[in-house]
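Q: I would like a close look at one part of this protein. Please start from a single residue and work outward.

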Amino acid sequence: MNTVIVTYGWCRVSYAVLRCLAEHGLKVVAGSPIGASMAGSSKFAAGRFSYPSPYVNPEGFVEAVSAAARKFGASVYIPVHEEVLVAARLKDRFPKDLIIPVAPYETLMTAYDKELTMRAATAAGVSIPQTLFVPSLNDLPSLAQEAIFPVMVKLRKSNSAKGEIGRASCRERV
């Protein structure tokens, strides 16, 4: 039987991945940086482990996931959420026989970074809404003079609404 490691276990996406794989007969081990997690506490989890923050201690993260793969006999590691970026960037530091089904880091960053995504779309001839790229928040008021309102202001690198700074219906609200 194949064993799969899934990380970011407190997230419902990780739980959904774990449950689906387990229901298809795979043994799935859940990892989390916070210890107890939704996926790790599931009846579908064949095991659980914790690891250091991949953002604060990427080398420790790689070592902990690698150790879990050895301990549980995992042949596949599925990173979930933003941990996919760290796993892709450091993919060559994991055991060579551990399959990590992720796109190359540069490709993932193009998809994750809103500015790179918009520039790639434009270069490919895809029509996009008027987009102003703001080098820093200090530049926002002057760039607002060029904007057509209403506008949505978002962080360049973020996901869901976590990167939404806000909406403005007029220049005075920027």
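Is Ser32 buried or exposed, and at what relative accessibility?

A: This is a predicted model. Ser32 is buried, because its relative accessibility is 0% and the cut-off for buried is under 20%. The residue lies in strand 2. Beyond its sequence neighbours up to four places away, Ser32 touches Gly9, Trp10, Ser37, Phe49, Ser50 and Tyr51.

One of those partners leads to the core. Phe49 is among the residues that touch the most other members of the largest nonpolar core. The others named with Phe49 are Ile5, Leu18, Phe61, Tyr77 and Phe94, and this core has 40 residues. Several elements give two or more residues to the core. The strands among them are strand 1 (3-6), strand 2 (27-32), strand 3 (45-50) and strand 4 (76-78). The helices are helix 1 (12-23), helix 2 (58-72), helix 3 (83-89) and helix 4 (105-112). Helix 2 gives the largest share, seven residues. A general point fits here. In soluble globular proteins, nonpolar side chains tend to be buried together.

A second core stands separate from this one. This second core has six residues, including Leu140, Ala147, Phe149 and Val153.

Now back to the strands. Gly47 sits in strand 3. Its relative accessibility is 15%, so Gly47 counts as buried. Setting aside neighbours within four places in sequence, Gly47 contacts Val28, Val29, Ala30 and Phe72. Gly47 and Phe72 are 25 residues apart along the chain, yet 7.9 Å separates their C-alpha atoms.

Next, helix 1. Ser14 is found there. Ser14 is buried, because its relative accessibility is 0%. Outside four places in sequence, Ser14 is in contact with Val6, Thr7, Tyr8, Gly9, Ala39 and Val80. Gly9 is also touched by Ser32.

Tyr8, one of the partners of Ser14, deserves its own look. Tyr8 lies in the loop between strand 1 and helix 1. Its phi is near 65 degrees, a positive value in a residue other than glycine. Most residues other than glycine have a negative phi. Tyr8 has a relative accessible area of 11%, so it is buried.

His81 also has a positive phi, of about 65 degrees, although it is not a glycine. Its place is the loop between strand 4 and helix 3. His81 has 30% relative accessibility, so it counts as partly exposed.

Strand 4 comes next. Val76 is in this strand. Val76 has a relative accessibility of 19%, so it counts as buried under the 20% cut-off. Without its neighbours within four places, Val76 is in contact with Thr3, Val4, Ile5, Leu98, Ile99 and Pro101. Val76 and Ile99 are 23 residues apart along the chain, and their C-alpha atoms are separated by 4.6 Å.

Tyr77 has a long contact list. Not counting residues up to four places away, Tyr77 touches Ile5, Thr7, Phe61, Val65, Glu83, Ala87, Phe94, Leu98, Ile99, Ile100 and Pro101. Ile5, Phe61 and Phe94 in that list are named with Tyr77 among the residues that touch the most other core members.

Then there is a helix pair. Two packed helices are described by the angle between their axes and the distance between the axes. Helix 4 and helix 5 (residues 114-123) pack at about 95 degrees, with axes 5 Å apart. Helix 4 is therefore roughly perpendicular to helix 5. From helix 4, Met109, Thr110, Ala111 and Tyr112 make the contact. From helix 5, Lys114, Leu116, Thr117 and Ala120 take part. Five of the residues in this contact are nonpolar, two are polar and one is charged.

Last, the whole chain. The protein has six helices and six strands. Along the sequence, the pattern reads β-α-β-β-α-β-α-α-α-α-β-β. Of the 174 residues, 40% are buried. Take the contacts between residues at least 6 apart in sequence: 47% of them join residues at least 24 apart. The accessible surface is about 10,200 Å², and carbon and sulfur atoms account for 57% of it.

Key
Residues are numbered from 1 along each chain as its sequence is written. This is a predicted model: local features need pLDDT of at least 70, side-chain atom pairs count only at pLDDT 80 or more; totals for chains, interfaces and linings use all residues. Side-chain values use heavy atoms; hydrogens and water are left out. A nonpolar core is a set of buried Ala, Val, Leu, Ile, Met, Phe, Trp, Tyr and Cys residues joined through side-chain atoms within 4.5 Å. Buried means under 20% relative accessible area, exposed over 50%, partly exposed in between (1.4 Å probe, protein chains only). Helices (H or I, at least four residues) and strands (E, at least two) are DSSP runs, numbered from the N terminus. Contact means heavy atoms within 4.5 Å. Accessible areas come from the Shrake-Rupley method with a 1.4 Å probe; for residues, only the protein chains shown count as cover. Axes are lines fitted to C-alpha atoms, for helices over the stretch in contact, and angles run from 0 to 180 degrees between N-to-C directions. Angles under 35 degrees count as roughly parallel, over 145 as roughly antiparallel, 65 to 115 as roughly perpendicular and the rest as oblique. Ala, Val, Leu, Ile, Met, Phe, Trp, Tyr, Cys and Pro count as nonpolar, Asp, Glu, Lys and Arg as charged, and the others, Gly among them, as polar.
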